[in-house]
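Biologist: Could you take me through this model, one topic at a time? I shall ask short questions and follow up where needed.

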Amino acid sequence: MENTSLRLRWRRPAMPKSDPAHTGHEVGIASGSFLRRTSTWIWIARFKLGLGLLSLFLCYQFIKDSSQSFIEGKGQLQAPIVNSKSSPEQEQAWKQTCEASRRDNMHRPPPSSSNNNTHSLRHETKSDLPEKSNVVACTIAIHEQPYLTEWAEYNLHVLNIAKLYIYDNADNLELSNWTVDSVSMSIEREGESGQNGSNNTNIRESSRISITHYPGSKQQGPAYKDCARRALSEGYKYAFFTDVDEFLVLYQHNSIMELAVDYMGKGDEDVHVDVEVDKDGKIRGASSDPPPTPFQTERNETRIVGSLGMNFRTLGNNCDTDYKDLPVSKRFQYRVESSYPMNVFIKSLVKLKWLNLDVDFTDPHFYKLRKDANGKQAVKIDTNRQVRGGSLQPMRLYDVAAVHHFLHKSLSEYRKKRDRGGGTTGPSMLLIENAKKGLDNHGKPLPGGNIYDDEVWKRLVEKVPSYKNYDA
C-alpha cells in the first residue's frame with residue numbers, strides 16, 4: 001500500500017532572472033500596469049480639457065453679456081439697452097443719452113447757414129486737358145433703393161465714374177423700374193427672367209448704369225469678380241469696388257480718373273514704386289500679418305502699382321432712431337473720431353489688368369494682384385505711396401482721399417442692415433444682437449458723431465443742383 005504521507009509535492013524550480021520566459025512574464029505584468037496608468041492619465045487629461053473648455057465658454061458668455069456696460073473713451077456715456085421690442089420711452093432714453101455723449105465730445109458746431117454756401121471744389125489739374133474717365137464702380141445691393149439714386153448721382157457726377165455696375169441681390173429683381181433722373185441715357189438691365197434685359201447694342205454702349213440680377217447669399221465676391229471681367233471685356237482700365245453706403249471724397253484730385261492715373265498710370269502705362277525685399281522675396285509692408293521676426297532688407301527693387309487703398313471715415317448716426325426721406329449725406333453730417341475702429345478698413349481702386357481673376361474674391365476690401373512678365377508681384381499702396389497688404393491701414397490717411405462710410409444711419413436702419421447680413425459673410429448673430437441693443441460691431445454704443453463734416457453733401461449739391469432744394 002502506497003504511503004501517502006511520504007508523497008512529495010513537486011514544485012517548479014525558480015527560473016533565473018535571465019530566463020526569457022521569466023523576463024517576458026515580468027514585462028507583461030509591467031506593461032499591463034503601464035497601460036492602466038496611461039488610461040488613467042488620459043481620462044484625467046480629458047476631464048481637465050473639458051473643464052477648460054467649459055471655463056472658456058463661461059468667460060465668453062460673461063464678456064458678451066457685459067459688453068454693453070464696458071465702454072471705452074473719455075466722456076462717453078453708457079447707452080440703455082434697446083431691442084426690437086423696446087418701448088418709445090426706451091428709444092427716447094437711448095436718443096437722449098446719445099445726444100448727451102455728442103455734446104460732451106463735440107469738436108465744433110456746424111457753421112451757420114450764411115457760411116454754409118457751397119464753394120468751388122476744383123483744384124489745379126495735373127494735365128492740360130481733363131482725362132476721359134475709364135473707371136467703373138462695382139457694387140452689390142439688396143433693399144437699397146431709397147439710397148441708390150443719391151449714391152449713383154454722386155459717383156457719376158462728382159467722381160465722374162464712367163459706368164456703374166449694380167448687382168441686385170434681392171430674390172426678385174427690385175430695380176427693374178429704378179431710374180436716375182439726372183442720367184439721360186438708358187439703363188442697361190441684365191438677368192430679367194433669366195435673359196439679358198437690354199439686347200439693344202446702342203443702349204449697351206451708351207449706358208452709364210448696368211443692373212444685373214444676382215440673387216443668393218454671400219454673393220458679393222462673385223458679383224465683384226463678374227463685374228471686373230465684364231469691365232475688362234468692355235475696355236475699361238480701372239475699377240472701384242464699393243458699397244451703396246460709401247462715398248469717396250477726393251481732396252487733391254478733380255475726379256477718380258485723375259486719382260487713378262496719378263497713382264497707377266494712364267492706360268497701359270504703369271507706375272512703379274520702390275520696395276524693400278528680404279532674402280525670401282517678401283516685400284516690406286505687403287503682408288497684413290505682423291512678421292514673426294524683424295524684417296531684414298536684403299535688396300531694393302521696384303514693383304508695379306496695381307491697387308490703391310483708401311481709409312474709411314465713418315459718419316455717425318446723428319442720434320436718429322428712424323428713417324427720414326432725405327439724402328443720407330444731408331441727414332448725417334457728423335463723423336466720428338479718426339481713432340474709431342472701423343476706420344482702419346479700406347476700399348480699393350484697382351487697375352484691372354493687374355487684378356488676379358484666377359482666384360476667388362473673398363474680401364471686399366482688397367484684392368489679389370498678378371505678377372508681371374518677370375515674375376514680380378504687383379503691389380497695393382496707400383495714398384502715401386507705401387506698400388500695404390490686406391484690408392487694414394491702421395495709419396488712417398486722409399490727406400488725399402477718404403471713403404465716407406454711412407455705416408449706421410438711424411437705429412432702425414442699422415438693425416435692418418444687420419438682419420440681412422454682410423455680402424461675404426451673411427448674417428452674424430452677434431452683430432444682430434448688438435444692433436438690437438443699440439451697439440455697434442464692437443459692442444459699443446452706436447456713435448452719434450461729433451465732428452462736423454459735410455464734404456459729401458457740398459460736392460453733391462455743386463454737381464447736381466437739384467439737391468439744393470433740400471437746403472431751402
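Biologist: Among contacts between residues at least 6 apart in sequence, what share joins residues at least 24 apart?
Modeller: In the protein chain that share is 73%, a contact being heavy atoms within 4.5 Å. Please note that this is a predicted model, in which local features need pLDDT of at least 70 and side-chain atom pairs count only at pLDDT 80 or more, while totals for chains, interfaces and linings use all residues. Residues are numbered from 1 along each chain as its sequence is written, and side-chain values use heavy atoms, with hydrogens and water left out.

Biologist: What does the chain average for pLDDT?
Modeller: The average is 80, and 74% of the residues score at least 70; pLDDT is the predictor's confidence in each residue, from 0 to 100.

Biologist: Where does pLDDT stay under 50?
Modeller: Residues 1-10 are one such stretch, and the model has one contact for them beyond four places in sequence. Residues 20-25 are another, with six contacts beyond four places in sequence.

Biologist: How many helices and strands are there?
Modeller: The protein chain has ten helices and 14 strands. These are DSSP runs numbered from the N terminus: helices are H or I with at least four residues, strands are E with at least two.

Biologist: And how much of the chain is buried?
Modeller: Of the 472 residues, 45% are buried. Buried means under 20% relative accessible area, exposed means over 50%, and partly exposed lies in between (1.4 Å probe, protein chains only). The chain exposes about 25400 Å², of which carbon and sulfur atoms supply 52%; the areas come from the Shrake-Rupley method with a 1.4 Å probe, and for residues only the protein chains shown count as cover.

Biologist: Turning to helix H2, what does its span look like?
Modeller: H2 covers residues 88-105, 18 residues in total, and reaches 26 Å from its first C-alpha to its last, close to the 26 Å expected. The expected span is 1.5 Å times one less than the number of residues.

Biologist: Which of its residues are buried, and what do they pack against?
Modeller: Glu91, Trp94, Thr97, Cys98, Ala100, Ser101 and Arg102 are buried. The buried residues of H2 pack against strand S10 (334-335) and helix H8 (411-420).

Biologist: H8 and S10 interest me; which salt bridges involve them?
Modeller: One is between the side chains of Glu144 and Arg420, at 3.0 Å, N to O. Glu144 sits in the loop between strand S1 (135-141) and helix H3 (145-158), and Arg420 in helix H8, 276 residues apart. A salt bridge here is a side-chain nitrogen of Lys or Arg within 4 Å of a carboxyl oxygen of Asp or Glu. Another joins Asp453 and Arg335, with the closest N and O atoms 2.8 Å apart. Asp453 lies in the loop between strand S14 (451-452) and helix H10 (455-463), whereas Arg335 belongs to strand S10, 118 residues apart.

Biologist: Is each partner buried or partly exposed, and why?
Modeller: Glu144 counts as buried because its relative accessibility is 12%, and Arg420 counts as partly exposed because its value is 28%. Asp453 is buried, with a relative accessible area of 8%, and Arg335 is buried, with 12%.

Biologist: How many salt bridges does the rule give?
Modeller: The count comes to 28.

Biologist: Now to strand S8; which way do its side chains point?
Modeller: In S8 (residues 272-277) they alternate: Val273, Val275 and Val277 point to one face and are buried, while His272, Asp274 and Glu276 point to the other and are not.

Biologist: What does S8 pair with?
Modeller: Six bridges join S8 to strand S9 (residues 299-314), and the two run antiparallel. Two strands pair if DSSP finds at least two bridges between them. The bridge partner of Val275 in S9 is Glu301.

Biologist: And strand S6, what are its side chains doing?
Modeller: In S6 (residues 238-241), Tyr238 and Phe240 point one way and Ala239 and Phe241 the other way, and all are buried.

Biologist: Which strands pair with S6?
Modeller: S1 and S6 pair in the parallel sense over four bridges, with Tyr238 as the bridge partner of Val135. S6 and S11 pair in the antiparallel sense over three bridges, and Phe240 stands opposite Leu349 in S11.
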